[in-house]
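Welcome, and thank you for taking a look at this one with me. Below are some notes to help you find your way around.

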Amino acid sequence: MALGDSPHVLLGRIRFLNKCIECFRRSEPVPESLCYVPNEVCYKICKDSSSPSSASSSTSAGTGSTPGKTVVSVFETPSTTHNKKLCKYNIEPKKGTCIRTTGEEYCNSQGLWVKLNKRAGQELEEGWILVCKHTEGGDRLVPVESPETLGRHQQLFGYDHKPCSRWEHVVDVENALHLGTKPRVADGDPAAVQKLRHVPPTWTYESDEDLVHYFYDHIGKEDENLGSVKQCVTSIDVSSCSEDPSGGASCLTDGDTETYWESDGMQGQHWIRLHMKRGTVVNKLILTVDATDDNYMPKRVTAFGGEGDNLKKLSDVTIDDNLIGEVCVLEDMTAHLPIIEVRIEECRDEGIDVRIRGLKIKSSCERDLGLNADVFQSSNLVRYPRLEGTPPEVLYRRALVIQRFISLLDNLLPHLVPAWDYSLGTFNHIKSIKQFLLLSKRRSALITQCLKDSETSKPNFMPRLYINRRLAMEHRDNPSLEPSCKNALFTQPSDKFEKTLDYRWPARYDQWWECKFIAEGIIDQGGGFRDSLADMSEELCPSSAECPMPLPFFTRTSNQGSGEARDYYVPNPSCKEFHKFEWIGQLMGAALRGKDFLVLALPGLVWKQLCGEEVKLLEAMEGMDQSMFEFKFGEELVYTTLLSDGHTVELIPGGSSVAIAAMQAGLLKVVPQAVLDLLTWQEVEKKVCGDPEITVEALKRLTRYEDLEQSDVRVQYLWEALQNFTNEDRSRFLRFVTGRSRLPAPIYIFPDKLGAKVCEEKLRYAAYNCVAIDTDMSPWEE
């Protein structure tokens, strides 16, 4: 849905968006225009150009062909199997005629179905026909007037040329202010509209959130299985190639992220040109890049498409400097483009040549027909108890409504990001449905742009911290000997270097200070810094419940309950050192912007408040233990309270929220408000703390091999050893080799001659016993 230039249309959509949000929040039926379905759509038989045999072969459950004839089968309901016994009757359209259906659609594993209604003057009975299947080949039914054709007619002749028959246009007609006659809307299908608007009696807003999360997880799994570009192109040209024989254009499609195409030419003159197979329409064009390529890493990429030399710009994408993985550079094309050209406009750090490690395409050759109703079977919903028991058809149609809402939201999102004062009120309204943002296609680019726009220049020198880890370790063993905590590692630098983290430095500036560990001979090239950050995390929120608390800023929740606050920490209501809480917030913001983590075991209740998400009383109280309840509500209910640290005190206005406000203030010194508004609390937690789940598959994806093949037996020994590790073992292994205890973290493997069992034993010993950095120099040289 392209956003028009008219401010009336824009304001109408914003008003409509707010109406929809209120309906979702109250679990009420959404406005009818969001669920609009036309009463009539005309289809014609189309011979599939991608299949040379389509004219003479039977191709699907819905359409079959014999020489000179095409037969369309009508079914009682959308079938999930190819079974002729379920067919009610067949239609044999005459040449030049069309089949009239309703606009109601249904997509399952067989393909896309549309509904036939019994009409006056027609002998056809009600039923469903398969207009297009997922796989290639064969006849299919296509609308006589495609959305592209209608769009061109409206541009040429205006909206009054024909009545509006798409839900996007109906939303504009019914919600924007119009000068003159309001455009006409084609008759809708009331029954189909009511099916989309239906809200089950027990449905709540939390059910919608669960559906969004289920949908998001499903999309993620599908994206991992994108096909090879070879299925969609006839040939690939590149601007130039390096002299390395292993680095040619073939590396783009070999499926191996260890190989890459490397250019060899003038800066800013590199491109990849795809000659597309006839009829292919690109849904997603994805590049694989690697931040460890340094200045070979592409920073800004544009995509052009068209025929011959007449290419038009289609997209402009800025790539995160820290990305190791895939980036979508073109999506949602609506027509076939004979040539698509990807141009590398700029590389990181003004690099001259570029490296691209892979290229994938998801196209209409695969006929991605939209949301598949079969994914909502009850066997897939075990992790979502609120959705269990709801019929799959109801979940499918509710997901369709959410898809339409997200499409509308994506068009308005750039206008709603709180970059200007007058936009704050509208975006605050959207904060109440923050979990829906997971499905947004435009959010990621906006977050990247906000972070980039808020960057400051790199400091002229790297701050140097002198840290005595021996004193810090003694304090951690017995904090009662030093109540002021001045020997804690966290306290040693914070008084002197809080202002350092006010800078919103470029992402490539990934070391915030240089560590000089007193009486330890190391040269800090990143390892000492990461070690100091891991030690700070351990002091703030110890990973072991047995050790005493080294610092007073957080207090443990008791383990009596079984709720989400089990084994977590909350801000200590007795601690009044709010400037230290602000320093913690700055560290969190720096972790969010950079590659390193500050591992804080805070419950969702705290993360929600840091991100400005709504905290519901009943939701927050569900499963709470005593200490968690006291932290959040104790001071609001009595005149004195027994705090979670065991002290009874008089009430303090604002209570524990003052500490969270201080942490949030520090966070906002480093991260723009817009970024927090666009991220869910779960995403902020993961960006700050990393992923606690360390699987062998995740480690494999982040590993680079030096002078080794991935298939080498020594590499297999490593994976076999790690497979036998617990998650805690793998976390300690990760810290041993990278200085980080959580993912993502880059891993480099060098040759060795250990067997699998010896490898496992030595790695486990090193992970638990070799936590200090090796001596790079004599500690007395300085």
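1. Let us begin with one pair of residues facing each other across two strands. Arg-300 stands opposite Glu-346, a residue of strand β17. Strand β17 covers residues 339-347, and it is joined by eight bridges to strand β14, residues 298-307. The two strands run antiparallel.

2. Now step back to the sheet around them, remembering that this is a predicted model. The sheet is open and has five strands, in the order β10-β12-β17-β14-β15, with antiparallel pairing. Which strands stand at the edges? They are β10 (233-238) and β15 (310-318); each has a single partner strand, so one side of each is left without a neighbour in the sheet. On average, neighbouring strands here are turned by 20° against each other, with direction ignored. As background, strands of a sheet pair through backbone hydrogen bonds, either parallel or antiparallel.

3. For the overall picture, the protein has 782 residues, and buried residues make up 50% of them. Its secondary structure comes to 22 helices and 27 strands. Taking contacts with a separation of 6 or more, 71% are between residues 24 or more positions apart.

4. Next, the interior. The largest nonpolar core has 131 residues, and the members that touch the most others are Phe-405, Trp-513, Ile-584 and Met-588. Which helix gives the most to this core? That is helix α6 (residues 392-416), with 12 residues. Another core lies apart from it and has 31 residues, including Leu-287, Ala-303, Val-327 and Ile-361.

5. Aromatic rings deserve a visit too. The structure holds 16 aromatic pairs. In one of them, Phe-578 and Phe-581, the ring centres are 6.4 Å apart and the planes are at 35°, so the pair is tilted. These two residues are three apart in helix α12 (residues 578-593), which means that about one helical turn separates them. Are they buried or exposed? Phe-578 counts as partly exposed because its relative accessibility is 29%, between the 20% and 50% cut-offs. Phe-581, in contrast, has a relative accessible area of 0% and is buried. Ring pairs also link both of them with Phe-490, Phe-553 and Phe-554 into a cluster.

6. A loop residue makes a good stop as well. Pro-31 is found between α1 (7-26) and β1 (41-46). Although in a loop, Pro-31 counts as buried, because its relative accessibility of 18% is under the 20% cut-off. What is Pro-31 in contact with, leaving aside its neighbours within four places in sequence? The partners are Phe-16, Lys-19, Cys-20, Cys-23 and Arg-197. From Pro-31 to Leu-17 the C-alpha to C-alpha distance is 10.0 Å, with their positions 14 residues apart in sequence.

7. Finally, a word on confidence. The mean pLDDT of the protein is 78, and 75% of its residues reach 70 or more. Among the elements, helix α4 (residues 190-197) has the highest mean pLDDT, at 95, and strand β24 (residues 640-642) the lowest, at 48. Over residues 420-424 the pLDDT is below 50, and this stretch has seven contacts in the model beyond near neighbours in sequence. Residues 560-565 also stay under 50, and the model has nine contacts for them beyond four places in sequence. Where pLDDT is low, the predicted coordinates should not be read in detail.

Definitions and conventions: Residues numbered from 1 in each chain as written. Predicted model: local features only at pLDDT ≥ 70, side-chain atom pairs only at ≥ 80, totals over all residues. Heavy atoms only, no water. Core = buried A, V, L, I, M, F, W, Y, C linked by side-chain atoms within 4.5 Å. Buried < 20%, exposed > 50% of the residue type's maximum accessible area, 1.4 Å probe, protein only. Helix = DSSP H or I, 4+ residues; strand = E, 2+ residues; numbered from the N terminus. pLDDT = per-residue confidence, 0-100. Contact = heavy atoms within 4.5 Å. Pairing = 2+ DSSP bridges. Axes fitted to C-alpha atoms, helices over the stretch in contact; angles between N-to-C directions. Phe/Tyr/Trp six-rings, centres within 6.5 Å; stacked < 30°, edge-to-face > 60°.
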